[in-house]
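Work through the exercises below with the structure open. Try each task before reading its solution.

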Amino acid sequence: MTKRLICLMLAMLMALCVFTSCSDDGDAIDDTVNQASRFTSAINLWVITESELVEQASALLTAGYDPDDYATEEKLAKRTEEEKATVNALSEDVKAAWEQLDDIGEAINKITKKQFKTQVNVRYVTEEGYYTAVEKAFVEHEAAIAEAKKNGTSLTPDVTQEETVLNEYGIPELKYPTAYDFQVDVLFIGSAQKYREYAAKEWITTVDDLVEDSAVQLTYFVSSVLLNATYFDGASYAIPNNNVIGEYTYLAVNEELTNYYLTTPEKLENSLFSNESKKFLDYVYHNTEGEKVYPIYSETGKVDMEMLHYWTYAVEGNEYIQDPATFSLFGGFYYKDSVQGSSIRSFNLLTDQLYTNNIQTKLYYETTPGYITTDPNATAAVRIVKGGYEKRAELEQMGYKVLTVEAPRATDEDVFGSMFAVGSHTRDEGRAMEIITYINTNAELRNLLQYGLENVNYTLKSVTDEEGVSRVYAEMTPTNKYVMDLAKTGNMFVAYPNSKETVRAWEYGKLQNLDAVEYPTVGVYFNLEDYKVDAKGMCVLNAVSAKFKTNVLDQLTVPGQIKEIYDRASILSTDHTKMAELLLELIGEEVTYTAPGAETATTVTVEELANALRIMNTALDEENNKTEQSFHALYQDWVKNSGVNEQ
C-alpha cells in the first residue's frame, strides 16, 4: 500500500502545483471541491465504548428517542404515553449519558455535514456484544438486499436531487436520507481474526482504490509500517489507527569502562552475544577494583535471546494464532533489517550451533556469581533495558552510550488491534472513506469521538516539561458519562493525551514510530482451502516444547550442559524417531497433549512426536493438498504468493 500511496501523493502534489498556478484566491483544491455537485448522505459508524451507559444511550437514540423532544411541556405533549413511560423509567445516569451523547452527535455532525455533506450516526456497543451486533447487522442487510432483489426493487434508491426542509425555526436546511439500522458503513475492527473473517465473507471492501483522495493525509498521519502490514489476499481492507509501535531493546554501555578496555561501544555489535561483548564483559568482571562493578544490569536477572522467532502456534478450532515469543523446539533467527515477509529458517534448535552457543553464553552470564545485578542503582558495564523511546533519553542523561539491540517491531496486535474498515454494503464508499480519513487526521473530530465536548465531558489541563514547553491533556469532568478507549477511536497522536503522564509520551511515541519496522511474520495467514495444516503435530510440539523448557532448559546450571545436548542431538537431525526418543528421555516424564477437537488429553508417543518432527523438517508439498504441512512451510508459501515483498 505504501508505494501506491507515495505514487498517489506525488501525483496529487503535481496537481496541486497546477491548481495553485491557476488561482489567485487561495486554496484552489478547496475551491474545486466546493464547486462540485455533491448530494447529502447518511452513514453509520460502529464503535466500541467502555461504558454500558453509553451503549444504552446509543440504543435510545437509534430507536428515535431524541432528548430535545422531551425538553419542554409543549414538546412532551406530542409524545405517546409509551414513549413518555420509557423515558420516565430511565435512571438519572442513563438520562445524563443520553443527553450528552446526543449533544456529542450534534457536534460531530456539525463537522461532517459542513465538510462532507454527510450525516454520521455513531453506534456505540460495548466490547462484549460488539462483534455479535455488527455481524447481525451484516446478515440483516444481506437479507434485505436479497428481498429487494426478489421484489425487483432497490434497497437504497439513488438520490436524484438535493432537497431542503424547514427546521423548527422555519429556516430551510439540507435534508439528509435515513440510514437503515442494519447499515454498517464504517466499523471498528480490533483483531486479525475478525479482519480476515470479514474480508473473506466480503463484509468489508478493499480500501486500496478509496485512498486516492486522502493519500497525502494518510501517509503523513499513519505509520507506513502499519499501512504496509494490512494485506490480505493481495489487498488492504482497513486503515490502522496510528498508535505507539512495539518497544526497543537497548544495550546501554558505560563508555568510561570501554575506554579502559581500549574499545568503543560500537565494537560490541549491538549484541550481548557477540565475541567482542563477551570479552569486554569478562574484562570488567575480572579487572575492576574498588567499588563493585557488575558486567550486566538486567531487571529480571536474565538475558533474553536476541531476534529469535519460535514456530509456535496456538490451535483454537479452525484458527491458528501465531505466538512467536513462546519457546518451541523449532525456530529461526532473523536480522535487524528484516521486514514483513523476510525469510526465517526453521530448524530444531537443539541441532543448531549458533543457538546452542548463544544458550551457552546466556547460561554463563546468568550462572556466574556476581555477573548480573538486578539493582538499578548498581554500577554496570552494560544495561539491558526494554521500553519506549523515552528510555533512550533517560539512559543518555545517565551518561550511557545507547545501542539498539532491536528496534520496535509491529506485531499483529499493533496492526490489527485497532483499525477502521468500510462495510461492503455501504451506501457510499467515498463518504465512508472520508470519515475514516478525518478520524485519523482531524483533531477536532478525533477529540469529539474520544472525549466528547470540551468543558462538558472534559477540560483541558496544561503541563510544562523540563524544557519549558507547555502541552495540554484532557481530564474528564466529574459529571462525564462518555467513556471511550483511546486506542479504539482513531489515530492516537491526533487526540489529546489522556493524562499528565502521557503528554511527553506522545512526542516520544512519534519518534519511536520512525524507527519501527514490521515483525517478519506480521499479518501472516494461511490458505487452508488449498493446504492441510498439521494441527495435531503442532499440539504435540507445543506440549513437548513447553515441558522441555521447564524440565530441561530452565534446569541447566552449567554452560557445558547445553553442549552435551547439542552433541547428542546434532547427529540425530535426520532420524526423527531417535530424536523423539532423545527428547522424551531428556524430559524424563510423561508429556500429554490435547488434540484438536478432543476433550481429554492423551500421552505423547514416540511415533506421534517423530511424525511432528518429520513434518516440521519437510518442505511444502504443492502437488498434494492432502499432505499435512508445517506452519513454516506454509509461511514460505505465503511469502511467495502474498506480494508482501513487492510493497
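Four exercises follow, on a predicted model.

**Exercise 1. The second largest pocket**

Task: Find which helix or strand gives the most to the lining of the second largest pocket, and describe that lining.

Solution:
- Start with the space. The second largest pocket holds about 1,400 Å³.
- Count the lining. It has 37 residues. Asp-66, Asp-102, Glu-106, Lys-113 and Gln-119 lie nearest the centre.
- Sort by class. The lining has 14 nonpolar, 10 polar and 13 charged residues.
- Assign the elements. Helix H3 (52-62), helix H6 (92-116), strand E2 (118-126) and strand E4 (172-174) each supply at least two lining residues.
- Pick the main contributor. H6 gives the most, with nine residues.

**Exercise 2. Strand E2 and its partner**

Task: Decide whether E2 is largely enclosed or open, and how E1 runs against it.

Solution:
- Apply the cut-off: buried means under 20% relative accessible area.
- Eight of the nine residues of E2 are buried, so the rest of the structure largely encloses this strand.
- Turn to the pairing. Strand E1 (residues 41-49) runs parallel to E2, joined by nine bridges.
- Fix the register. Asn-44 stands opposite Asn-121 in E2.
- Now place a loop residue. Pro-177 sits in the loop between E4 and strand E5 (186-189).
- Its relative accessibility is 22%, so Pro-177 counts as partly exposed.
- Check its contacts. Beyond neighbours within four places in sequence, Pro-177 touches Thr-40, Ser-41, Ala-42 and Arg-427.
- Check a distance. The C-alpha atoms of Pro-177 and Gln-119 are separated by 8.6 Å, with their positions 58 residues apart along the chain.

**Exercise 3. The buried face of H20**

Task: Which residues of helix H20 (residues 560-570) are buried, and how are they arranged around the axis?

Solution:
- List the buried residues: Ile-562, Ile-565, Tyr-566 and Ala-569.
- Look down the axis. These residues cover an arc of only 100°, which puts them on the same side of H20.
- Find the cover. It includes helix H13 (353-367) and helix H21 (576-587).

**Exercise 4. A five-stranded sheet**

Task: Give the strand order of the open five-stranded sheet and locate its edges.

Solution:
- Write the order: E16-E10-E17-E9-E18, with mixed pairing.
- Mark the edges. Strand E16 (372-373) and strand E18 (400-406) each have a single partner strand, so one side of each lacks a neighbour in the sheet.
- Take one pair. Strand E9 (residues 248-254) and E18 are antiparallel over six bridges.
- Fix the register. Val-253 has Lys-401 in E18 as its bridge partner.

Note on methods. Residues numbered from 1 in each chain as written. Predicted model: local features only at pLDDT ≥ 70, side-chain atom pairs only at ≥ 80, totals over all residues. Heavy atoms only, no water. 1 Å grid on protein atoms, 1.4 Å probe; cavity = no way out; pocket = protein on both sides within 12 Å on 5 of 7 lines; lining within 4 Å. Points joined across faces, edges and corners; volume = space filled by probe spheres on them. Helix = DSSP H or I, 4+ residues; strand = E, 2+ residues; numbered from the N terminus. Nonpolar A, V, L, I, M, F, W, Y, C, P; charged D, E, K, R; others polar. Buried < 20%, exposed > 50% of the residue type's maximum accessible area, 1.4 Å probe, protein only. Pairing = 2+ DSSP bridges. Arc of directions from axis to C-beta. Contact = heavy atoms within 4.5 Å.
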